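Trainee: I would like to learn how to read the pockets of a protein. Could you walk me through an example?

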Amino acid sequence: MKRLFKVLKNIFFIFIAVILLASVSVFIYHSYKLHKESALIKGEGTLVNVNNEEINIYNEGSGEDTYVFMSGSGIAAPVYEMKGLYSKFAKKNKVAVIERAGYGYSDVFQDDRDIDKILEQSRKSLIKSGNKPPYILVPHSLSGIEAIYWAQKYPSEVKGIIALDIGLPHQYVTHKMGLVDSLTVRGVNILTKIGMHRLIPSVAYNPVVIQQSFLTDHEKEMYKALSYKQFFNDDMEQELLQSYNNGKKSVNLPIPKETPILFIDAIADQYKNSKYTKQKNEDYEEFAEQLLKGDVIKLNGTHSIYLYAPDEIYKLTMEFIKKTEGPI
């Protein structure tokens, strides 16, 4: 029996040693690649100082309306990933892409990602980069909390919202992150610091973006490099961990009834009959019914709907904005 325990003990220590050696090797390789890729990472946009840190705002186009694109959680390089959509708008409108703290070319702020701080950073960086309100916000996923909160606190600054398969504030409150989920988020953050995401590239960046034609070959390489650098950093981790508290702040305020909102509901074929998909649509419909001008449109595609239906989104947006400019 003692011999068996000794053998098992040795196996355990060997296993730990192998894990440590592999982790150190991955970390060294990741650090080497980051240094090499740094030559590729040359900013696209305007870096503005906010509380002694820098936030990147990418501007393109001109026109009466300013469409502000706000990426979802974990989209490490918004300027590149969302280009297929915002470039459609930039032909006849002014476009601003916010890269929140921890995203794209912006600094990692390492703050608590409280929604009031996030919103003030967005407002200040837009003004400093030459974009004056009112704005038409185009949030995706998690940034739906910020967009709706923006309309609640500063309604005169928000002309409308084009909600791309967003998470509604009350959804983050109703479905509060559990212990297992929060531990998973923290664990993934630690693994990315080691560089484990390099072993699974499709985790760090969306392969569909690479397959598209809206980026040049050089931009695709910058997209990859930026994704490896920024993926699931401390700011992204905190955004998710704070989603309940941030959603609760919005829920505690009145719904922005006077802000026109178009909900783009992404429906993937494999999940079209799922309980989650049906509930999501019901939530959008219920929210839209409380607005003076609100609508819900279903589009076929996965959650990253901006990659699958850019032409449809642009057309629907123009029709919706034109309709909202008429009498209530």
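Mentor: Happy to! Keep in mind that this is a predicted model. Let's begin with the second largest pocket, where α8 gives the largest share of the lining, 3 residues.

Trainee: What is the volume of the second largest pocket?

Mentor: Its volume is about 430 Å³. The second largest pocket is lined by 21 residues, and Ser-73, Gly-74, Ile-75, Val-203 and Phe-231 are the closest to its centre. The elements giving two or more residues to this lining are α8 (201-204) and α10 (217-230).

Trainee: How does the lining of the second largest pocket divide by class?

Mentor: A lining can be sorted into nonpolar, polar and charged residues. Here there are 10 nonpolar residues, 10 polar ones and 1 charged.

Trainee: Now for the largest pocket: how much space lies in it?

Mentor: About 720 Å³. Its lining holds 30 residues, and those nearest the centre are Gly-167, Gln-171, Tyr-172, Tyr-276 and Lys-280. Three elements can be picked out on your display, α6 (169-174), β7 (261-267) and α13 (275-289), as the ones that give two or more residues to the lining of the largest pocket.

Trainee: Which element gives the largest share of that lining?

Mentor: That is α13, with 6 residues.

Trainee: And how many residues of each class line the largest pocket?

Mentor: The lining of the largest pocket has 14 polar, 10 nonpolar and 6 charged residues. Try finding Tyr-276 and Lys-280 in the structure, two of the residues nearest the centre of this pocket.

How values were computed:
Residues are numbered from 1 along each chain as its sequence is written. This is a predicted model: local features need pLDDT of at least 70, side-chain atom pairs count only at pLDDT 80 or more; totals for chains, interfaces and linings use all residues. Side-chain values use heavy atoms; hydrogens and water are left out. On a 1 Å grid over the protein atoms alone, a cavity is a set of points where a 1.4 Å probe fits but cannot get out, and a pocket is an open set with protein on both sides within 12 Å along at least five of seven lines; lining residues have an atom within 4 Å of a point. Grid points are joined across faces, edges and corners, and a volume is the space filled by probe spheres set on the points. Helices (H or I, at least four residues) and strands (E, at least two) are DSSP runs, numbered from the N terminus.
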